[in-house]
Amino acid sequence: MSGFDSVGTLLADIANLLLEGLRIFSLADKRHWRQDEYEQVKALEEALNEAKKDFQELCPLVNGQSQYEHDRKYETMQELRLLRDKFRAHVQLLRDWTRSGGPINPVWVRETHSLQRELHRAQCRAARRVFTSSQESSQRCLGAFLVRRTQAKVAVQPNRQVSEADYQKRQLEELGACKKIGSFDRFGEEDMVFICDFCDGHLIWEDLENVPTERTAPSLPRWQGNSQHWQAT
């Protein structure tokens, strides 16, 4: 059946595996459960809910559910098939646990969260490939497009003074857009990196203290000295 795989069928397979994991716990003897077992159930539920949420939010960005669901780009198929195999192996561990009994391995909760993160980024990259293929003259990342769209909504007219309240609102909206398309993480022992979920593009700051904390507003007075603001483009 692999020859008929698509984004939709592979995501459905992964969702069914998560549901199978939850079913395993629903049928298990809960009399001797500890915190680890309940956390594992919660982790499976969170992974399933985020996968559904991502699918619902990404479809409108690439001209609707049909185009995203039926996409069969080679890179996407390879990535989602590999991820499906990882989820299948993960659920098999849970199935084996019910047969052997005893306390659950607490490491499995972290593995579930790790797979959840991989699935989120895989869906983002799948949507980005669909988006890029529809933009004949542009290779702009879908994540960058979403941030730029937010910036355009809150753009300030040239030579117009902006109140502190409006400036703070604009900054929060831009920050919200950035948080939706990627995340900050440690890179090595001292560096900090921002990684885009859609394309793996990244920005690296070699010193944690140099990570920007505010956006530079052209219409507001600039601070003197070593500014920690950042200039969005």
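# Notebook: Asp 197, the core and the aromatic cluster

I started at Asp 197, whose side chain is joined to that of Arg 117 by a polar contact of 2.8 Å. The model is a predicted one, and I read each distance below with that in mind.

**Entry 1. Asp 197 and its surroundings**

I looked up the position of Asp 197 and found it in the loop between strand 2 and strand 3 (202–205). Is Asp 197 buried or exposed? Its relative accessibility is 2%, so I put it down as buried, the cut-off being under 20%. I then looked for a further polar partner and noted the side chain of His 120, at 3.1 Å from the side chain of Asp 197. Leaving out neighbours within four places in sequence, I listed the contacts of Asp 197 as Arg 117, His 120, Arg 121, Cys 124, Arg 125, Ile 181 and Gly 182.

**Entry 2. His 120**

I followed the contact to His 120, which sits in helix 5. I entered His 120 as buried because its relative accessible area is 10%. Which side chain other than that of Asp 197 makes a polar contact with the side chain of His 120? I found Asp 54, at 2.8 Å. The contacts of His 120, again without neighbours up to four places off in sequence, are Glu 50, Asp 54 and Asp 197. His 120 therefore has polar side-chain contacts with Asp 54 and with Asp 197, and I recorded His 120 as buried at 10%.

**Entry 3. Ala 47**

I next checked Ala 47, a residue of helix 2. With a relative accessible area of 2%, Ala 47 is buried. Ala 47 and His 120 are 73 residues apart along the chain, and I read 8.9 Å between their C-alpha atoms. Outside its neighbours within four places in sequence, Ala 47 touches Leu 18 and Gln 116.

**Entry 4. The largest nonpolar core**

I turned to the largest nonpolar core, which has 48 residues. Which of its members touch the most other members? I noted Phe 25, Tyr 68, Phe 87 and Phe 198. At least two residues of this core come from each of helix 1 (7–27), helix 2 (35–58), helix 4 (74–100), helix 5 (107–134), helix 6 (142–153), helix 7 (164–181) and strand 2 (191–196). Domain 1 (7–134) and domain 2 (142–210) both contribute residues, so I placed the core between them. I took Phe 87 for a closer look: beyond four places in sequence, Phe 87 touches Ile 14, Leu 17, Leu 18, Leu 115, Gln 116 and Leu 119. Leu 18 and Gln 116 were also on my list for Ala 47.

**Entry 5. Aromatic pairs**

I counted the aromatic pairs and got four. For Phe 25 and Trp 33 I read ring centres 5.7 Å apart and planes at 80°, so I filed the pair as edge-to-face. Both residues are buried. I also traced one aromatic cluster, formed by Phe 25, Trp 33, Tyr 38 and Trp 97. Which residue lies over the face of Trp 33? I found Lys 30 there, 5.3 Å from the ring centre.

**Entry 6. Two loops**

I located Arg 72 in the loop between helix 3 (65–69) and helix 4. A polar atom of the Arg 72 side chain is 3.1 Å from the backbone oxygen of Asp 5. Arg 72 and Ser 6 lie 66 residues apart in sequence, yet I read 4.9 Å from C-alpha to C-alpha.

In the loop between helix 2 and helix 3 I looked at Asn 63. Its phi is near 65°, which is positive in a residue other than glycine. I noted this because most residues other than glycine have a negative phi. Asn 63 has a relative accessibility of 60% and so counts as exposed.

**Entry 7. Whole chain**

I closed with the chain totals. The protein chain has seven helices and five strands, in the order α-α-α-α-α-α-α-β-β-β-β-β from the N terminus. I recorded 40% of its 233 residues as buried. Of the contacts between residues at least 6 apart in sequence, 60% join residues at least 24 apart.

Note on methods: Residues are numbered from 1 along each chain as its sequence is written. This is a predicted model: local features need pLDDT of at least 70, side-chain atom pairs count only at pLDDT 80 or more; totals for chains, interfaces and linings use all residues. Side-chain values use heavy atoms; hydrogens and water are left out. Rings of Phe, Tyr and Trp (its six-membered ring) pair if their centres lie within 6.5 Å; planes under 30 degrees apart count as stacked, over 60 as edge-to-face and the rest as tilted. Buried means under 20% relative accessible area, exposed over 50%, partly exposed in between (1.4 Å probe, protein chains only). A charge sits over a ring if NZ of Lys or CZ of Arg is within 6 Å of the ring centre and within 35 degrees of the ring normal. A nonpolar core is a set of buried Ala, Val, Leu, Ile, Met, Phe, Trp, Tyr and Cys residues joined through side-chain atoms within 4.5 Å. Helices (H or I, at least four residues) and strands (E, at least two) are DSSP runs, numbered from the N terminus. Domain bounds come from an automatic or database domain assignment. Contact means heavy atoms within 4.5 Å. A polar contact is a pair of N or O atoms within 3.5 Å; within protein, one must be able to donate a hydrogen and the other to accept it, and residues adjacent in sequence count only if both atoms are side-chain atoms.
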